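Please open the model in your viewer with the sequence panel beside it, and keep a selection tool at hand. The stops below go from one element to the next, and each says what to select and what is to be found there.

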Amino acid sequence: MKTLILEDDELVGELLETVVAGIHQGAAVSLARSLSEAQQLLDSGSRYHLYLIDWQLPDGSGLDLVKRVRAGDRDVPIVMVSGRSDRESVLRAAHHGISGYITKPLDIQLLHERLTKLVPAGDSGHGSADEYLKESLNSVVQLPTDIDPIDVLDLIGRQQELSPAQLAERWREDAALTARLLDVANSSSFRRTGKPVESLRDAISSMGVAMALNQALALALDVAGKIDSPELQAQARAFHDMALQVSREAQKLAIRLGKSPSLFQQAGLLSRLGEMAVLKVLNQFTAEGGSLNGSEVEQCIGQRSQDYGNRLKVQWKLPLSLRDMIGAVHFLPKDSTREDRLVMRAAALIAGGQSDSDECQRLLRRIGLDLKPSTEEPQYGVRS
């Protein structure tokens, strides 16, 4: 499903994208920040299945785009998003044939409910699972998440008491939410400074606690984000546990080396994002009527995980240093000397039960640590 979001506020635009992607896996979203940018997209021949249009823009009125779209298509869903809530404004917009009207500040639950009614569920019609994965590769992909909307609503109710540090600590082991918040913060940061945001805490600080909570709620309302198929669910849980274990081992090593563990923890947490994304898309494939067997699932994971992982690293604008650390979990060139990469590879081996392997012991020596194998819980001592 192709969606055009016309919104000059970057964070609101990213929030709308999260909601749309949660309702319809495979959504290809175009974000325009001005009326002229949206007009150019239509001039290029782009056509969409859903429009979310802000009213007041830096260079004109969103109603002008509504008129243009309606002149050629009387049925496509158009939702006006506006800070205007008076009856006259609502009636004026309705006169131009909009499908819905949402006022700011956004009520995420209401927005999710309205869009769910407007956007029909798709059907598979994509042939094989691999063909479906190919088609979905360049769409908006969000990882499965176990976030409970009730918990997020509770946090929203007392957001004045919460700091970015508290939220970062609460969400530090949730790969889907960590990835999305880094994505949103980096989109804004790159435009302003050209530099990436590297930590979850900084990402929340950048967008503000209120917006971070809205992003969390949008992700929590992503019903398709929960893996429904028992087989896919088991796979997702296994990959999540793998990533969590790597994250914890990397954190331990970083602390022993006197380094801040935040970035190491995040690299481990995101180390299976490709596999998780493939499982999310396969879950949508089965929800739309597609069929899978065990061997197909394994084949799709083996063939597509790297593609999806690389795609998401770019889509989410992850810092190059973080991308390299994630990559080191899976493969480390022999001539690599970067300590952060050595730590991540060692953490992956320890998490995989290979702490006694020659490779792991060699890596630990290179970063100046000794692994003490005498206890059940690995302990690390700094070499003098």
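Begin by selecting strand S3, residues 50-54, where five of the five residues are buried, so the strand is largely enclosed by the rest of the structure. Bear in mind from the outset that this is a predicted model. If you show the side chains of S3, you will find both of its faces covered, with Leu50, Leu52 and Asp54 buried on one side and Tyr51 and Ile53 buried on the other.

Which strands are joined to S3 by four bridges? Add strand S1, residues 2-6, to the selection, and you will see a strand that runs parallel to S3 and is joined to it by four bridges; within this pairing, Thr3 stands opposite Leu50. Then add strand S6, residues 78-82, which also runs parallel to S3 and is likewise joined to it by four bridges, with Val81 of S6 as the bridge partner of Asp54.

Stay in this region and turn to the rings, of which the structure holds two aromatic pairs. One of these is formed by Tyr48 and Tyr51, whose rings meet edge-to-face, 5.6 Å centre to centre and with 75° between the planes. Tyr48 has a relative accessibility of 6% and therefore counts as buried, since the cut-off is 20%. Tyr51, with a relative accessible area of 3%, is buried as well.

For the other pair, select Tyr132 and Phe285, which are tilted, with 5.3 Å between the ring centres and 55° between the planes. This pair links distant parts of the chain, as Tyr132 belongs to helix H6 (residues 129-136) and Phe285 to helix H14 (residues 273-287), 153 residues apart. Are these two residues, Tyr132 and Phe285, buried or exposed? Both of them are buried.

Next, look for charges over rings, beginning again at Tyr48: the charged end of Lys2 sits over its ring, 5.1 Å from the ring centre. A further example is found by selecting Arg84 and Trp55, where the charged end of Arg84 sits over the ring of Trp55 at 4.2 Å from its centre.

Now select helix H1, residues 10-23, and draw a distance between its end C-alpha atoms, which lie 20 Å apart; because 14 residues at 1.5 Å a residue should span 20 Å, the two values agree. H1 is mostly covered, with 14 of its 14 residues buried. At the start of this helix, show the side chain of Asp9, one oxygen of which reaches to within 3.0 Å of the backbone nitrogen of Leu11.

From there, move to Val314, which lies in helix H15, residues 294-315. What does its relative accessibility make of Val314? At 48%, Val314 counts as partly exposed, because that class runs from 20% to 50%. Select Asp183 together with Val314, and you will have two residues that are 131 residues apart in sequence and 9.4 Å apart in space, C-alpha to C-alpha.

Finally, clear the selection and look at the whole chain, whose secondary structure comes to 18 helices and nine strands. The radius of gyration is 23 Å, close to the 21 Å that the globule rule gives for 384 residues, so the chain is as compact as a globular protein of that length. Taken along the principal axes, its C-alpha atoms fill a box of roughly 75 × 45 × 40 Å, and 52% of the 384 residues count as buried.

Methods
Residues are numbered from 1 along each chain as its sequence is written. This is a predicted model: local features need pLDDT of at least 70, side-chain atom pairs count only at pLDDT 80 or more; totals for chains, interfaces and linings use all residues. Side-chain values use heavy atoms; hydrogens and water are left out. Buried means under 20% relative accessible area, exposed over 50%, partly exposed in between (1.4 Å probe, protein chains only). Helices (H or I, at least four residues) and strands (E, at least two) are DSSP runs, numbered from the N terminus. Two strands pair if DSSP finds at least two bridges between them. Rings of Phe, Tyr and Trp (its six-membered ring) pair if their centres lie within 6.5 Å; planes under 30 degrees apart count as stacked, over 60 as edge-to-face and the rest as tilted. A charge sits over a ring if NZ of Lys or CZ of Arg is within 6 Å of the ring centre and within 35 degrees of the ring normal. The expected span of a helix is 1.5 Å times one less than its number of residues. A polar contact is a pair of N or O atoms within 3.5 Å; within protein, one must be able to donate a hydrogen and the other to accept it, and residues adjacent in sequence count only if both atoms are side-chain atoms. The radius of gyration is taken over C-alpha atoms; the globule rule is 2.2 Å times the number of residues to the power 0.38.
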